[in-house]
Each structure stands twice: as structure tokens, then as C-alpha cells.
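Student: I should like a close look at the disulfides of this protein. Please describe them one by one, and then set them in their surroundings.

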Amino acid sequence: MKRSLPLLFAFVLALSACTTTTSTSTTAPESPTTTAVPPETGSSVAENGRVTTVVSCADAPDEVAIVCEAYDLIQRLYVDEVPDALLVEAATQAVVDLDGSTATTDLVCPVPTTAFKETCDALADEAENNTEAAEAIVRGLANALDANSIYLDSDALALIEEEQEGQIEGIGALVTAEDSTITEGNPQCSVISETCQLIIVSVIESSPAEAGGIQEDDMIIGVNGEDIAGWSLDQVTATVRGPAGTDVSLTIARAGTTLEILITRAAVVIPVVSSSTFGDVGYVSLNLFTETADEQLKEAIEGLLATGVDELVLDLRNDPGGLLDTAIEVTSLFLPDGDVVITQSPDNDRAYAVSGNPIVPQDLPVVVIINKGSASASEVVSAVLQERGRALIVGENSFGKNTVQQRFSLSNGGAFKLTIARWVTPGGLDFGGDGLAPDVALDFTDLDLEAAANLAAAAN
């Protein structure tokens, strides 16, 4: 099974959330094991005459079972303990945030514990049907957790699975959602608001976004004429993504001005690995930790070594991460022994060791370039190579993503992505929030590849 260390945020899309995201799909439990049957089950009649039947999880029909499945996953596997009061508050708010409904069809509301009766009371005026109600509650449960724990409906899940294959249809930009009020620690957020801003981190070369004039640090504030305040990151990305040849309009805030940019979507191949030689310097960039990225990187490095390079530069700038297993295999290309990372969960700590088959000669100097867009799996690789003295790390502080997510399938065809652990280096370094500090601070802005490779090599 493949595990993920989603970066900047959840996905790497063609509107790409630095995410993303890319985790193991595990079937949800057949029956929740931590539910408590509340005494207040029964029916209530709202002022509009709509009946909401409150049921225990044991009696929940299939169309609303995801509420109990998600609650059970949080109770058993989430990295931190979360009081029911916070979960109920977030679930109720998610229901209130629905557009409202004049529907008269009756509703069924499952209650994992007694406290959730409050959420059920809000359904009659807000939810169109049981499906909308259950999905809103699950989104609310995710909102009570960290920014990397999210509910994915079947459409959003399909987008993520597409990304893992390395080819997508959309605009070709990498984004992150950050809270502008957070000046220390991890600023990630998951619901767009006045303070939670959706920012372009980078644009894929030769993509529709580049052709349309999208730039790094642009802020997306609207899609197709709609203000995205209140939207979740997966809602934005699902709307921006779409079939090749179709158009999407983005409202962009840039340097105090507002721009409307029309972009024609296209098939975008995510360039996972690229390599070049500049004199005696071998240069290879890794842009995403996909399922096959380690194999592609190995092939590229072997090609560089065959030319007799005297130094190797690994560029991880703007790499939002991806799969933990891939990070382990990438590290294994450089180290003959030892652990790569240690994950810390409520139940136990677990160390992940290298495979023991390095291809890079131990006497070959290695430099790794990082920046604020280097996150999660990129940070895992950089941190352990730095800690072992195997590579010189240059550039700027990385993003600071130190959590592990796993994706669990839900019975409605969607999934719940849950933070199940934090990770530290084998030496105990935890740089969540502040990011990994480079050995040598260097500014690579506006440098072409050859200049970047030579600058990095000269720092060693």
C-alpha cells in the first residue's frame, strides 16, 4: 500500500493544490466500533412540517452511513484527540452553511453520540436531501481537524487518482491555501475566506496557466464569476479542472489590482523528472512524488552518472510531495543504510528504513535545492540527507509539512483523508511550521536551469 505525505495542501492538480495530495485508499470499517447509541433517537417536526428522524449509527441507512464511518475513523485513527463538542460545532456550522432548502421530503440524521442531536436540529431548514445533509456533516467533521484532513466526494477523489497517474486536464498551476493572520507555524487552511487565501505557488511550464499569464503569488478570488469565499479547496480545484478545450475564468488579485483571466483547459502532463548536464555538474529535478517517480529519478541519475559527472544537484523546488513509499525509495538511491523517517501516531512510533540499494556513489558530492514550495515528501528526503551529512541543502526554508495522511474509502464512493501521524527525522528533528532550514541560503529567483545548477554546485 502507498502512503502519502501530502504537501502544501491536498492535491497537485492542473489547478493544483499543493496538497494533496495522493494517499492510500483503504476501505472504511463495515461497522463503527466507537459509537455510543444516544437516548434521544426518534423524530422531530420542524416549523416547516419537515420530519427529521434521528437514528443511532447501528440503524443508519446506507445513504447517511458516511457520517458514522467518518466519526469512527476520527475516533480510532486521528493523530490527536478531538472533543465531541468541537466536532458537533463544526458539523452544525457546515450544515448551516448550506444554501438552505424549501424541500419537504423527510430526513434521516444519524448521531454517533448524543451531542450530535444539535446538528440534526439544523437540517430541516438547510439540507435538500439526506445525501446533501450527510456530506455536509462529514465536511464539517473534517473542518474540525487539521487542514490536511478533508472529505472527498467521488468527483474530487477521481481528480486525485488522475493526478497520481501524472496526466490531468485543467490549467497547470500549483496552489496552496494559507491563512494570512498566521505569522508563525503552519499557515495552511482549508476553507477559503477573507483570511484563508488561495495562492499560486508555481505554474507548470508550457501549461494553459502559463499561456494565460498566471503568475507566482497571484491570489485566486473567483472562478467563473463566482466569489470562492466559503468554498473548500477541493471545491475550487474540482471547478477549475475540466475537459480539455473548455474554458474557465479566474478572478485574480495581483499587486492591488483585480484581473479576469480566461484560460482554455488542456491535457497537462506533470513533468515528474527532468535532467541535464552542465559541464561536470549533473542536474536532476523531481517535481512530484508519484507512484513511479523513484523509478524515473533512478533512470535519470543513472544517465547522468554514465556521463562521468563530478557533482550531482537534486532540485526539489516547488515539489509538494506525495507518497511516503516513494520518498523512502528516493532516499534509498543515496543512502546504503539507516532510517529515512519516523512516524509518530497515538498508538505507536514506526521507523521506515532505506531499501539498501543506493546507486549514487558515496563519494560523489550531492547538493539539494529547496524553497518554500518544497513540502512533505520533499522535506523528508532533504532532511535525512542533511542529517546524515550526505547532501548539502541550499536555497530557502521549506514549507514545514510534517504530517502523514491516509485516504479511507467511504461507502458512498467518496473518501475521508485523515491525518494519522506526524513524522520526525531519525535524529528527532521536527520542523513542522518553520520548515527545514538550508545549510546555505541562496536566492534562485529568475535563474535559468544552468545558472541554478552551477550556483548550487558552487556552494558545495
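Tutor: Counting as a disulfide any pair of cysteine sulfur atoms within 2.5 Å, one finds 3 disulfides. The model is predicted, so local features need pLDDT of at least 70 and side-chain atom pairs count only at pLDDT 80 or more, while totals for chains, interfaces and linings use all residues. Residues are numbered from 1 along each chain as its sequence is written, and side-chain values use heavy atoms, with hydrogens and water left out. If the bonded cysteines are numbered in sequence order, the pairing reads 1-2, 3-4, 5-6.

One disulfide links Cys57 with Cys68, at an S to S distance of 2.0 Å. The torsion about this S-S bond is about -90°, so the disulfide is left-handed. The pair ties together distant parts of the chain: Cys57 lies in the loop between strand 5 (51–56) and helix 1 (65–77), whereas Cys68 belongs to helix 1, 11 residues apart. Helices (H or I, at least four residues) and strands (E, at least two) are DSSP runs, numbered from the N terminus. Both Cys57 and Cys68 are buried; buried means under 20% relative accessible area, exposed over 50%, and partly exposed in between, with a 1.4 Å probe and protein chains only.

Helix 1, which holds Cys68, deserves attention of its own. Its 13 residues should span 18 Å at 1.5 Å a residue, and the end C-alpha atoms are indeed 18 Å apart; the expected span is 1.5 Å times one less than the number of residues. Helix 1 is mostly covered, since 10 of its 13 residues are buried. Among them are Ile66, Val67, Cys68, Tyr71 and Leu73. The buried residues of helix 1 pack against helix 2 (84–96), strand 6, helix 5 (130–143), strand 7 (150–152), strand 24 (403–409) and strand 25 (415–424).

Strand 6 also carries a cysteine of another disulfide. Cys109 is joined to Cys120, again with S to S 2.0 Å. This pair links distant parts of the chain, with Cys109 in strand 6 (residues 107–111) and Cys120 in helix 3 (residues 117–121), 11 residues apart. At -75° about the S-S bond, the link of Cys109 and Cys120 is left-handed. Cys109 counts as buried because its relative accessibility is 1%, and Cys120 is buried with a relative accessible area of 2%.

The remaining disulfide is formed by Cys189 and Cys196, whose sulfur atoms are 2.0 Å apart. Here the torsion about the S-S bond is 95°, and the link of Cys189 and Cys196 is right-handed. Cys189 and Cys196 are both buried.

The wider setting is as follows. The secondary structure of the protein comes to 12 helices and 26 strands, and 56% of its 460 residues count as buried. Contact means heavy atoms within 4.5 Å; of the contacts with a separation of 6 or more, 72% are between residues 24 or more positions apart. Elsewhere in the chain, an open sheet of 6 strands has the order 16-17-18-22-23-26, with mixed pairing. Strand 16 (273–278) and strand 26 (440–441) stand at the edges of that sheet, each with a single partner strand, so one side of each lacks a neighbour in the sheet. Two strands pair if DSSP finds at least two bridges between them; strand 18 (residues 311–315) and strand 22 (residues 366–370) run parallel and are joined by 4 bridges.
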